[in-house]
Amino acid sequence: MSCISIRRVIESTLAYGVAIAPIAPIAALAQQAPSGPPPAAPPAWQQGRTSEQAASPLHPFAPHMTGRPASELPIDKLKVPPGFTVEVWADGIPEARSLALGDKDTLFVSNRLAKNVYAVVDRGGKRQVKTILKGLNAPNGIAFSKGTLYVAERNRITRYDGIEDKLDNVPEGKVVIDGLDPQNQPGHFWKFLALGSDGKLYFNIGSPQNITMPTYMQAVIMRVDPASGVLENYAEGVRNTVGFDWHPRTRELWFTEHGRDWISDDVPEDELNVVKRQGEHFGFPYCHQGDTLDPEYGKNRSCAHFTPPALKLGAHVAPLGMRFYTGKMFPAEYENNIFIARHGSWNRTVKQGYDVYRVMLDDNGKVVKAEPFLSGFVVDEKADPPMWGRPVDVLVMKDGSLLVSDDYNGIVYRVSYKK
């Protein structure tokens with residue numbers, strides 16, 4: 001505002017008999033107004049750090065974007081229970097993330113950063129990796145049903161009908177719903193996608209920051225009817241989930257959830273949750289791990305008002321994809337167990353996770369035991385980075401074997417069992 005404009009405001013104010021300060025200090029204030037753009041905001045993963053944590057060397061780990069051949073990796077270090085075998089099923093899949101199986105045994109593989117979707121097909125007994133979709137916007141979520149591949153990008157969900165017959169020339173997809181990222185949020189915009197027995201597509205929209213007050217379209221699990229495009233919230237207060245599945249018997253939705261960073265090495269723990277009814281609130285940003293109020297947003301709140309986790313999975317272990325085991329290859333005690341891909345910690349001095357976790361439930365759907373199932377990716381838990389591989393998703397194959405994706409190396413492993 002110019003000095004002339006300021007003077008006019010003052011004269012107008014004086015006309016109403018309001019006392020004000022002399023003009024000189026106001027003019028001086030106008031001349032001293034700061035110039036230039038405001039300081040850049042910190043990256044989303046740094047948000048929420050205290051002043052004491054500002055110099056912390058902890059940071060996320062980026063994958064090898066071109067992948068690494070299995071021949072260069074210590075596959076022999078991987079460990080599974082007696083009777084099980086783990087092997088490389090396919091490599092050369094840059095940043096392999098979510099997995100989906102087609103009706104004709106095509107394995108579809110997504111990624112978050114490389115903008116592509118891949119198909120792994122069998123050509124005369126040899127697996128071939130084909131790039132079928134390019135230039136997408138964070139296509140992390142994929143689901144397959146009745147000949148159709150659904151792909152969830154950061155802003156939309158698209159369908160590709162009859163895709164297994166068109167892998168060499170995939171036609172343009174049909175948009176199911178758009179406008180899912182109206183604010184172009186800086187973090188947790190990638191989506192996990194699954195089709196429920198109700199025929200609706202379920203997906204997540206995470207918190208845009210490490211810890212913040214979300215909008216009605218953030219920190220939620222949503223679902224959309226692919227026929228009508230009608231969208232609705234299914235669960236709230238979910239900081240970020242990148243994996244969920246339905247219990248084969250109860251049909252309840254179970255999901256993994258990442259806890260916030262920058263409280264401490266051991267708090268909060270990441271979670272395994274179950275939705276008993278639509279509309280439940282799981283605590284974010286007020287309450288973490290079911291019993292710990294947030295230092296800022298938890299003031300004058302009570303964790304008793306939110307749904308607690310079914311299981312605490314460990315602090316900063318980054319649980320991602322999960323599936324109930326519905327195959328017949330593994331021993332009978334594995335029926336309806338949950339397999340969880342724990343991507344591994346970065347916001348922790350001593351790293352943990354980096355495995356596939358097995359969760360056992362009783363007949364009432366209560367957790368009775370949990371333990372590592374596939375491990376051996378960690379080299380030095382205090383190193384930077386501490387690991388040579390990172391599990392992302394799991395998938396039960398038709399023969400009952402279990403596939404595990406590794407985005408750090410661009411590899412899919414297969415776990416099988418033989419008496």
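**Entry 1: salt bridges**

I began with Lys398, which counts as exposed at 57% relative accessibility, the cut-off for exposed being over 50%. The model I am reading is a predicted one. Lys398 pairs with Asp105 in a salt bridge, with 2.9 Å between the closest N and O atoms. I placed Lys398 in the loop between β24 and β25 and Asp105 in the loop between β2 and β3 (107–110); the pair links distant parts of the chain, 293 residues apart. Asp105 is partly exposed, at 48%.

I then looked up Arg97 and Asp407, whose side chains meet in a salt bridge at 3.3 Å, N to O. Arg97 sits in the loop between β1 and β2 (99–101) and Asp407 in the loop between β25 and β26, so this bridge ties together parts 310 residues apart in sequence. Arg97 is buried at 3% relative accessible area, and Asp407 is buried at 4%.

A third bridge joins Arg159 and Asp161, at 2.9 Å from N to O. Arg159 is partly exposed at 23%, and Asp161 is partly exposed at 26%. I also noted one network, in which salt bridges with shared partners join Asp198, Lys200, Arg223 and Glu232. The count of salt bridges comes to 22.

**Entry 2: nonpolar cores**

I listed the largest nonpolar core, which has 30 residues; Phe330, Phe339, Phe373, Leu374, Leu402 and Tyr413 touch the most other members. Strands that each supply at least two residues of this core include β1 (84–90), β23 (367–374) and β26 (411–417). β26 gives the most to this core, with three residues.

I followed Tyr413 further. Beyond its neighbours within four places in sequence, Tyr413 is in contact with residues including Ile75, Leu78, Trp89, Phe377, Trp388 and Leu402. A second, separate core has 19 residues, among them Ala138, Phe189, Val238 and Val275.

**Entry 3: cavities**

I searched the whole structure and found two cavities of 30 Å³ or more. The largest has a volume of about 70 Å³. It is lined by 15 residues, and Glu257, Gly259, Glu271, Cys287 and His288 are the closest to its centre. β16 (269–275) and β17 (287–288) each supply at least two residues of that lining. By class I recorded four nonpolar, six polar and five charged residues in the lining of the largest cavity.

The second largest cavity holds about 30 Å³ of space. Its lining includes Arg97, Ser98, Asn140, Phe192 and Asp393. β20 (319–324) and β24 (391–396) each supply at least two residues of this lining. I recorded four nonpolar, three polar and two charged residues for the second largest cavity. Arg97 thus appears both in this lining and in the salt bridge with Asp407.

Note on methods:
Residues are numbered from 1 along each chain as its sequence is written. This is a predicted model: local features need pLDDT of at least 70, side-chain atom pairs count only at pLDDT 80 or more; totals for chains, interfaces and linings use all residues. Side-chain values use heavy atoms; hydrogens and water are left out. On a 1 Å grid over the protein atoms alone, a cavity is a set of points where a 1.4 Å probe fits but cannot get out, and a pocket is an open set with protein on both sides within 12 Å along at least five of seven lines; lining residues have an atom within 4 Å of a point. Grid points are joined across faces, edges and corners, and a volume is the space filled by probe spheres set on the points. Helices (H or I, at least four residues) and strands (E, at least two) are DSSP runs, numbered from the N terminus. Ala, Val, Leu, Ile, Met, Phe, Trp, Tyr, Cys and Pro count as nonpolar, Asp, Glu, Lys and Arg as charged, and the others, Gly among them, as polar. A nonpolar core is a set of buried Ala, Val, Leu, Ile, Met, Phe, Trp, Tyr and Cys residues joined through side-chain atoms within 4.5 Å. Buried means under 20% relative accessible area, exposed over 50%, partly exposed in between (1.4 Å probe, protein chains only). Contact means heavy atoms within 4.5 Å. A salt bridge is a side-chain nitrogen of Lys or Arg within 4 Å of a carboxyl oxygen of Asp or Glu.
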